[in-house]
Amino acid sequence: MARKIIVVGGGPAGVFAALEAKRVDPAAVVTLVSEERFEPYERPPLSKAVLLGTAKAEDTLIAGPGGFAQRGIALKLGTRCVAIDPDARIVNTTDGSLPYDSLVLATGSRMRELPDLPFGGQNVHYLRTADDAIRFKSELSPGSHLLIIGAGLIGLEAAASAAALGVRITVIEAASSLMARTCDRLTAARIAAEHEKHGINFELSTSVIRSSKQPDGTLLVETSNGKTFSAQAILVAIGVKPDDTLAVTASIAVDDGILVDAECRTSIPNIFAAGDATRLVGPGFSERQENWRHAQDQGAVAGRNAAGAAEKYVPLPSYWSEQYDLYIQGIGRPAQNVQNVIRTISESGAISFEVKDGIIEHAIGINAQRDMAAVRRLIERRVKVDLTALKDTKRPLNALLKAAAPAS
Ligand SMILES: Cc1cc2nc3c(=O)[nH]c(=O)nc-3n(C[C@H](O)[C@H](O)[C@H](O)COP(=O)(O)OP(=O)(O)OC[C@H]3O[C@@H](n4cnc5c(N)ncnc54)[C@H](O)[C@@H]3O)c2cc1C
């Protein structure tokens with residue numbers, strides 16, 4: 001009998017799980033269930049090309065230009081999985097029940113909401129899905145004032161895109177610098193300067209105290225620094241939380257994410273999970289990630305294991321972001337008590353390294369795409385580096401990779 005594999009969620013984790021499961025076991029009947037109405041599309045362009053109007057979500061299919069056609073995978077769109085019965089090995093959906101031999105949960109994350117500015121409110125926006133992007137874009141008219149709450153990656157990318165459309169923008173951020181979770185202060189200052197050059201106004205160390213709707217339809221927002229802003233639209237971009245709602249229906253262990261081991265196995269046999277929805281735990285290790293590359297790589301391992309393999313996933317956090325002409329890439333884990341080393345590549349290009357005991361723990365590159373592949377390998381292999389060489393652009397990073405012996 002052919003193995004039945006159900007994958008829940010049409011983000012990169014779910015798509016790569018389905019594709020890899022089918023590749024490992026071509027005889028398997030693989031079904032991908034997604035509650036969204038579109039064939040699985042990439043989210044990263046939603047805050048970039050889709051807002052700018054240079055691409056549509058349906059142009060950026062995760063499974064590639066032809067999408068799922070010809071892949072031998074059944075796609076159930078507009079279908080929500082509502083409960084799992086692990087004893088009967090059945091998933092209940094809004095369109096009937098589906099039996100499974102292996103199940104992959106790739107339910108992703110949901111936006112964190114501000115209670116005073118809930119999802120769906122008039123002129124209030126959150127940016128997670130293609131429908132969110134379509135609705136948000138329709139309110140970005142030149143000369144209007146947009147308030148963005150949160151200076152993380154999505155808030156800043158939306159700011160850059162909206163600025164290009166002629167919108168006036170104020171960004172309100174509770175932390176004292178932007179991208180505070182992922183970025184060192186020097187790089188953050190560099191990114192802030194680029195935004196300010198494009199007319200963005202930042203209100204840092206500031207939070208929203210209250211907001212109200214005015215008779216003319218605009219929103220009035222009072223902030224903790226004693227200011228009042230009137231805006232035609234608000235984007236709330238204060239982060240995400242893992243979507244474990246479905247896992248909870250099967251009593252799968254969750255703790256700020258569906259708990260998985262290195263093989264992407266949950267606490268219940270034959271149920272795997274991957275992507276933003278998960279927290280990877282191991283001896284002395286517990287980590288949740290929210291980035292595309294992680295979703296893709298962990299999803300692929302979950303899919304292969306759901307089809308009978310027993311592979312381990314070794315995570316290395318990494319993300320990219322595009323703001324104006326800045327291509328920003330982060331790799332590794334920010335650490336304490338590090339030495340900071342800057343490698344200046346060009347007028348616009350630099351890498352900021354955080355080094356501890358000669359090992360690069362974390363690096364952020366701006367317009368440094370060619371070097372960042374070598375940086376990834378230096379971090380992955382925990383190569384001991386010489387700090388002078390790291391700064392010296394006459395010494396290619398690939399040479400450091402070859403010259404240095406791996407650290408113990
Ligand atoms: C606007 C935006 C820009 C981004 N830009 C970048 C970037 O530049 N670089 C980067 O590294 N990362 C970026 N990210 C983050 C990246 O897109 C996510 O980390 C990634 O999409 C996570 O993939 P996932 O498959 O785990 O989950 P998701 O992409 O969240 O997909 C989960 C899917 O599961 C569906 N689902 C959930 N529950 C059910 C259910 N019960 N039944 C059926 N379907 C269900 C959801 O509707 C959703 O379609 C961006 C994210 C957004 C929103």
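# Asp216, domains and the ligand shell

Student: Start with Asp216. Is it buried or exposed?

Tutor: Asp216 is exposed, because just 7 other C-beta atoms lie within 10 Å, and the cut-off for exposed is 12 or fewer. Keep in mind that this is a predicted model.

Student: Where is Asp216 found?

Tutor: Asp216 is in the loop that links β13 (208–213) and β14 (219–223). In space, its C-alpha is 9.6 Å from that of Gln232, and the two are 16 residues apart in sequence.

Student: How do β13 and β14 pair?

Tutor: They pair in the antiparallel sense, over five bridges. Ser211 stands opposite Val221 of β14. The two strands make a hairpin with five residues between them. In that hairpin Gly217 has a positive phi, near 95°.

Student: And which way does β14 run relative to β15?

Tutor: Antiparallel, with four bridges joining β14 to β15 (residues 228–231). Glu222 has Thr228 as its bridge partner in β15. This hairpin has four residues between the strands, and Gly226 takes a positive phi near 80°.

Student: Zoom out. What domains is the chain divided into?

Tutor: There are three: domain 1 (4–110 + 241–306), domain 2 (113–236) and domain 3 (325–403). The centres of domain 1 and domain 2, taken over C-alpha atoms, are 30 Å apart. Their contact takes 10 residues from domain 1 and 11 residues from domain 2.

Student: What sort of residues does domain 1 put on that side?

Tutor: Seven nonpolar, one polar and two charged residues make up the side of domain 1 that touches domain 2.

Student: Now the ligand. How many residues surround it?

Tutor: 37 residues surround the ligand. Gly9, Gly11, Ala13, Gly108 and Gly275 are the closest. Three elements give two or more residues to this shell: α1 (12–24), α7 (292–306) and β22 (318–323).

Student: How do the shell residues divide by type?

Tutor: 16 are nonpolar, 12 polar and nine charged. Domain 1 and domain 2 each supply at least three residues to the shell.

Student: On to the nonpolar core. Which residues have the most contacts inside the largest one?

Tutor: Ala17, Val104, Leu105 and Ala273, in a core of 115 residues. As a general point, nonpolar side chains tend to be buried together in soluble globular proteins.

Student: What is Leu105 in contact with?

Tutor: Beyond neighbours within four places in sequence, its contacts are Val8, Gly9, Leu246, Ala247, Ile258, Ile271, Ala273 and Ala277. Gly9 also appears among the closest residues to the ligand.

Student: Why does Leu246 count as buried?

Tutor: Leu246 counts as buried because 23 C-beta neighbours lie inside 10 Å, and 20 or more is the cut-off. Leu246 is in helix α6 (residues 245–249). Outside four places in sequence, Leu246 contacts Val8, Cys81, Ile84, Leu105 and Thr107. So Val8 is listed for Leu246 and for Leu105, again by the 7 Å C-beta criterion.

Student: How many residues along the chain separate Leu246 and Val33?

Tutor: 213 residues, with 13 Å between their C-alpha atoms.

Student: Change of topic: β23. Mostly covered or mostly open?

Tutor: Mostly covered, as five of the seven residues of β23 (residues 326–332) are buried. β22 and β23 run antiparallel, joined by six bridges. Trp320 has Gln329 of β23 as its bridge partner.

Student: What about the turn of that hairpin?

Tutor: Two residues lie between β22 and β23. Tyr324, in the turn, has a positive phi of about 55°.

Student: Which strand does β23 pair with over five bridges?

Tutor: β26 (residues 359–366), in the antiparallel sense. Gln329 is paired with Gly365 in β26.

Student: Back to phi. What is the value at Arg89?

Tutor: Near 55°, a positive value in a residue other than glycine. Most residues other than glycine have a negative phi. Arg89 lies in the loop between β4 (81–85) and β5 (90–93). Arg89 counts as partly exposed, because 18 C-beta neighbours lie inside 10 Å.

Student: And where is Arg382 found?

Tutor: In the loop between α8 (369–380) and α9 (387–391). Its phi is positive too, near 50°. Arg382 is partly exposed, with 13 other C-beta atoms within 10 Å.

Definitions and conventions. Residues numbered from 1 in each chain as written. Predicted model: local features only at pLDDT ≥ 70, side-chain atom pairs only at ≥ 80, totals over all residues. Domains from an automatic or database assignment. Contact = placed C-beta atoms within 7 Å. Nonpolar A, V, L, I, M, F, W, Y, C, P; charged D, E, K, R; others polar. Core = buried A, V, L, I, M, F, W, Y, C linked by C-beta atoms within 7 Å. Near = placed C-beta within 6 Å. Pairing = 2+ DSSP bridges.
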